[in-house]
Amino acid sequence: MAVVLRRASIVWTTAYQAFHADKNRGGERGTRGFLITFMPTLYDKIWNSHRVFSDEDVDVLYVDLHLIHEVTSPQAFAGLRSAGRRLRRPDRVLAVADHNVPTAGQIQGLSGVADPESRHQLQLLKQNVSEAGIKVSFEMGDVRNGIVHVVGPEQGFTQPGMIIVCGDSHTSTHGAFGALAYGIGTSEVEHVFATQSIRQRKSLNMRVLFEGIPCVGVGPKDYILALIAKIGTSGGSGFVLEYGGSAIESLSMEGRMTICNMTIECGARAGLIAPDSTTLRYLKGKPAAPRDAAWEDAKASWPRLASDSDARFDREIALDVTTVQPMVTWGTSPEDVVGISGTIPDPKMCDKPEKRLQLERAIHYMGLSAGSPIEGVPIDRVFIGSCTNGRIEDLRAAASVVKGRHAASGIRAMVVPGSGMVKAQAEREGLNRIFSDAGFLWREPGCSMCLAMNADRLEAGERCASTSNRNFEGRQGRGGRTHLMSPVMAAAAAIEGKIVDVRNILS
């Protein structure tokens, strides 16, 4: 086995340079600037370049970017205040309001937030950000505000080679840029506030290759649902997933973000895609992206983050997207998913008692029948949005299905842009008019109906075609029934009033 001597830092971001300045003032760097590694993967390179020191099998890693929102930060700020500590690096924090914000009437500010608890959390965020000296904070109503996992990339804060954390499980979204990004708990949020570092045990490496050319109507949401169908919601446990293959390389950054967003639904710690020319094109000129000489340095260094050609993975999986159908969840877990031509499973066919009970409960909750086809199931609501599918590309795709058509009678469909910037772009392109003419509600940015923490929610028994990422019991509202699918599939469901194969519309 070859031993390769490499510099520990592949990308010298402004944040990481500042980290070295901090360490020079207050301690020493445990790695001495060099690490001996064995055929490193992308994950290995980022991990090694951010290791401050090790304590047996736990490493302390420097954090480049800390994303916060109103739901998981108040307790962390309170703990920091109680301990008499200050934020270590307020300049490395990006704060947004997203979970609790209403998606109508944002111009009213906090007075327009009807729910007292939601309003209180938004007030606390504003107060805590001000007291902590955090400079980059986008409030409700600011065109730059929106869902944190949409705002970070579109503003250029998300960059290759970074370690990014947030008190939100779908932080894995940012892995699409070749950043090691994952969700953390409230106590960890406080720890990052105080130290700009986090204690972690290293995961195993898994490579997932998507190869082939998909048929019309099949895209990244279907890819990731197909992977979850294959390995289950625990198949990625203990791993960081690196996605590759021709089908990944051909995706836009929006599509790559969809893939990485739902990595957490595989049970994995994070998802990664190596930065390439597509990444560079997306980031160039973004407000927070490197400029001038720093951009030239980044262009040269970011591609070197890719896993070495001889890198070894602990597990490898390959999927042929040519065979993937438009995917739809039928139950109460992302692994309860079938192709559009599939049927609801029969629990009697399962020889594992515990799994059989889970299937029976899911079928009962969803109001479905074992053995019945998923195609044709009637719906009540449609939600197009979320940090999974609320970007401009997602809205364009949905609009291409909706244009010239109208939502079926009785269907309540809503489109919620992932950020104010996405909303503005969509309106410049006339997408809002396409949706409105088709009977869809055009809303303001926020997490919206992805989760029942704001005014957008399902009523008990309502069935929703949703582009979000989770279909747990009550996720979109107590008693609500969620079917996850792609934007084009959700748009088609709205037009037909039931779950249908979008390929019949697009062909």
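**Exercise 1.** How far is the sulfur of Cys166 from the closest cysteine sulfur, and in which residue does that sulfur lie?

*Solution.* This is a predicted model, in which local features need pLDDT of at least 70, side-chain atom pairs count only at pLDDT 80 or more, and totals for chains, interfaces and linings use all residues. Residues are numbered from 1 along each chain as its sequence is written, and side-chain values use heavy atoms, with hydrogens and water left out.

Step 1. A disulfide is a covalent bond between the sulfur atoms of two cysteines. The cut-off used here is a pair of cysteine sulfur atoms within 2.5 Å.

Step 2. For Cys166 the closest cysteine sulfur belongs to Cys387 and lies 9.8 Å away, which is too far for a bond. Cys166 is buried, at 0% relative accessibility. (Buried means under 20% relative accessible area, exposed over 50%, and partly exposed in between, with a 1.4 Å probe and protein chains only.)

Step 3. Cys447 has its closest cysteine sulfur in Cys450, at 6.5 Å, again too far for a bond. Cys447 counts as buried at 7% relative accessibility.

Step 4. A search of the whole structure gives zero disulfides.

**Exercise 2.** Place three salt bridges in the chain and describe the exposure of their partners.

*Solution.* Step 1. A salt bridge is a side-chain nitrogen of Lys or Arg within 4 Å of a carboxyl oxygen of Asp or Glu. The structure holds 19 of them.

Step 2. Arg201 and Asp57 form one, with N to O at 3.1 Å. Arg201 sits in the loop between strand S10 (197-200) and strand S11 (204-211), Asp57 in the loop between strand S3 (51-55) and strand S4 (58-62), and the two are 144 residues apart. (Helices, H or I of at least four residues, and strands, E of at least two, are DSSP runs numbered from the N terminus.) Arg201 is exposed at 54%, whereas Asp57 is partly exposed at 46%.

Step 3. Glu316 and Arg207 form another, their closest N and O atoms being 3.2 Å apart. Glu316 belongs to strand S14 (residues 315-320) and Arg207 to strand S11, so this pair ties together parts 109 residues apart in sequence. Glu316 is partly exposed at 45%, and Arg207 is partly exposed at 25%.

Step 4. Between Lys423 and Glu427 the closest N and O atoms are 2.7 Å apart. Both residues lie in helix H15 (residues 420-428), four residues apart, about one turn of the helix. Lys423 is buried at 19%, while Glu427 is partly exposed at 29%.

**Exercise 3.** Which residues touch the most other members of the largest nonpolar core?

*Solution.* Step 1. A nonpolar core is a set of buried Ala, Val, Leu, Ile, Met, Phe, Trp, Tyr and Cys residues joined through side-chain atoms within 4.5 Å.

Step 2. The largest core has 75 residues, and Ile68, Tyr182, Phe210, Leu227, Leu241 and Tyr243 touch the most other members. Helix H7 (residues 220-231) contributes the most, with seven residues.

Step 3. Take Leu227. Not counting residues up to four places away in sequence, its contacts (heavy atoms within 4.5 Å) include Val208, Phe210, Leu241, Tyr243 and Cys266.

Step 4. A second, separate core of 61 residues includes Ile363, Leu395, Ile434 and Met449.

**Exercise 4.** Is Leu251 buried or exposed?

*Solution.* Step 1. Leu251 is in the loop between helix H8 (246-249) and helix H9 (253-261).

Step 2. Leu251 has 11% relative accessibility and counts as buried.
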